[in-house]
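Student: I should like to learn how to read the contacts in a two-chain model. May we go through them feature by feature?

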2 protein chains.
Amino acid sequence: MNPRLFTFVGGKEGSWSIVDVKAVVGDPLPVTERLEIINGPVPDMPDGAKWLLRGVTSNERYATRAEKDLLVAKQTGLGRSEATCAALIPIRKNAKWWSLTQDERRGIFEDQSQHVKIGLRYLPAVARRLHHCRDLSECEPFDFVTLFDYSPADSAAFEEMVSELRASEEWTFVDREVDIRMVRDRA
Amino acid sequence: MNPRLFTFVGGKEGSWSIVDVKAVVGDPLPVTERLEIINGPVPDMPDGAKWLLRGVTSNERYATRAEKDLLVAKQTGLGRSEATCAALIPIRKNAKWWSLTQDERRGIFEDQSQHVKIGLRYLPAVARRLHHCRDLSECEPFDFVTLFDYSPADSAAFEEMVSELRASEEWTFVDREVDIRMVRDRA
């Protein structure tokens, strides 16, 4: 299997306790107790699980070299000991978005919506990993799944960041979004 | 399954007779008699088949609106009755390519290599469909599989087009390429 494939299982297992599930736009996902994150495939829905999402990490689609260098200089990886809060946010974009050309999508993503600029302001407090689902072999319910983690002290900053992104022009193309919040014990 | 998924099976079945298989760069693929193209998944290697490649059609990664409009105005779909010649060309790009940022890849793709400009000169003679494999759930041996068809009268033009692309800066990042040529009876 693709070594960049991750599977997210909403069920009774996993180190993250789910504390809130909110349908931001479109259909919700069933509420479950825990989230398990597996770096690999999960062929069948495990016992007690209510949903399963997949995605692969991939090359950046929009960032320029200058933006990437700024991101790499400031960002940290997931899994810091103090990052006991997390959010899993699957989104789907509408057909209009996917019919746009690369220059049009880039224009909305950054020139109009400042997606990178907004994200940069919250680094290194918020760590993130983006997974792409749209071009998997399976028919997936979302186009992207992003996993974020942060410390309880940075919770307010995280809320501010997601609010800013949701108010952007880019988000007018989002036709399904679920926001799943989780906590775990300090590692 | 993803409705944009195509499976290409090299074996004893299918409407295309394979007439030539050439490893352009890197490892070859086993020679088979025929190619079968299925719009959907093929879970196991069929009897008598020697290889199986998968890919999904997707949104364009580099074309601008101006380029897309020119392409759409000139291009035709696969499957014209007179298009009795075809080529299936799977390629893989190296790690250096995938570590480049979007602006760097676009710069090589068009500003330096004129990928769209070269392709446009051979429309509508050559029809093509690009399939992406890199972000599938499976671990695929190639990043892209492109299927082309054209009439026997346009064979020389097709050779010229692939030669021009292979001489481009973009192709210095290709570390595996196989060129499979096929014919079929007039529909």
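Tutor: Let us begin with one pair of side chains. B:Arg54 and B:Glu140 meet in a salt bridge, at 2.7 Å from N to O. This is a predicted model, and every value discussed here is computed from it.

Student: What general idea lies behind such a pair?

Tutor: Side chains of opposite charge can pair when their charged atoms come close. In this case B:Arg54 belongs to strand S4 (residues 51-56) of chain B, while B:Glu140 sits in the loop between strand S6 (127-132) and S7 of chain B, so the salt bridge ties together parts that are 86 residues apart in sequence.

Student: Are B:Arg54 and B:Glu140 buried or exposed?

Tutor: Both B:Arg54 and B:Glu140 are buried. Chain A offers another case: A:Arg181 and A:Asp179 form a salt bridge at 2.6 Å, N to O, and both of these residues are buried.

Student: Which residues are linked with A:Asp179 and A:Arg181 in a network of salt bridges?

Tutor: The network also takes in A:Glu159, A:Arg166 and A:Glu177. Over all chains, the structure holds 34 salt bridges.

Student: How many salt bridges does the rule find across the interface of chain B and chain A?

Tutor: It finds six across that interface. One of the salt bridges in the model joins the side chains of B:Glu104 and A:Arg65, at 2.8 Å from N to O. This pair crosses between chains, from helix H3 of chain B to helix H1 of chain A. The side chains of A:Asp135 and B:Arg4 also meet in a salt bridge, at 3.0 Å, N to O.

Student: Why do B:Glu104 and A:Arg65 count as partly exposed?

Tutor: The class between buried and exposed runs from 20% to 50% relative accessible area. B:Glu104 is partly exposed because its relative accessible area is 25%. A:Arg65 likewise counts as partly exposed, because its relative accessibility is 25%.

Student: How should I describe the interface as a whole?

Tutor: Begin with its extent, then turn to its composition. The contact takes 30 residues from chain B and 30 residues from chain A. The area buried between the two chains is about 2600 Å², and carbon and sulfur atoms give 41% of it. On the side of chain B, the residues that lose the most area to chain A are B:Arg65, B:Asp135 and B:Ser137, together 25% of what that side buries.

Student: How many residue pairs are in polar contact across the interface of chain B and chain A?

Tutor: The rule finds 28 such pairs, with both residues at pLDDT 80 or more. The elements of chain B that give two or more residues to the side touching chain A are helix H1 (65-74), helix H2 (95-99) and helix H3 (102-112). H3(B) gives the most, with four residues. By class, that side of chain B has 10 nonpolar, nine polar and 11 charged residues.

Student: How does one read the packing of a helix?

Tutor: An α-helix has 3.6 residues a turn, so residues three or four places apart point the same way. In helix H3 (residues 102-112) of chain A, the buried residues are A:Gln102, A:Arg105, A:Arg106, A:Gly107, A:Ile108, A:Phe109 and A:Glu110. They pack against helix H1 (65-74), helix H2 (95-99) and helix H4 (115-121) of chain A, together with H3 of chain B. Just after H3(A), A:Gln114 takes a positive phi of about 50°.

Student: And how does one read a strand?

Tutor: One considers its two faces and its partners. In strand S1 (residues 5-11) of chain A, seven of the seven residues are buried. A:Leu5, A:Thr7, A:Val9 and A:Gly11 point one way, and A:Phe6, A:Phe8 and A:Gly10 the other way.

Student: Which strands pair with S1(A)?

Tutor: S1(A) pairs with strand S4 (residues 51-56) of chain A in the antiparallel sense, over six bridges, and A:Thr7 stands opposite A:Arg54 there. Five bridges join S1(A) to strand S3 (residues 34-38) of chain A, also antiparallel; in S3(A), A:Glu36 is the bridge partner of A:Val9.

Student: Where is B:Phe148 placed, and what does B:Phe148 touch?

Tutor: B:Phe148 lies in strand S7 (residues 144-150) of chain B. B:Phe148 counts as buried because its relative accessible area is 8%. Leaving aside residues up to four places away in sequence, its contacts include B:Leu78, B:Cys85, B:Ile89, B:Val126, B:Phe158 and B:Met161.

Technical notes. Residues numbered from 1 in each chain as written. Chains lettered and ligands numbered in written order. Predicted model: local features only at pLDDT ≥ 70, side-chain atom pairs only at ≥ 80, totals over all residues. Heavy atoms only, no water. Contact = heavy atoms within 4.5 Å. Buried area = accessible area lost by both parts, 1.4 Å probe. Salt bridge = Lys/Arg side-chain N within 4 Å of Asp/Glu carboxyl O. Polar contact = N/O pair within 3.5 Å; in protein donor to acceptor, adjacent residues only side chain to side chain. Nonpolar A, V, L, I, M, F, W, Y, C, P; charged D, E, K, R; others polar. Buried < 20%, exposed > 50% of the residue type's maximum accessible area, 1.4 Å probe, protein only. Pairing = 2+ DSSP bridges.
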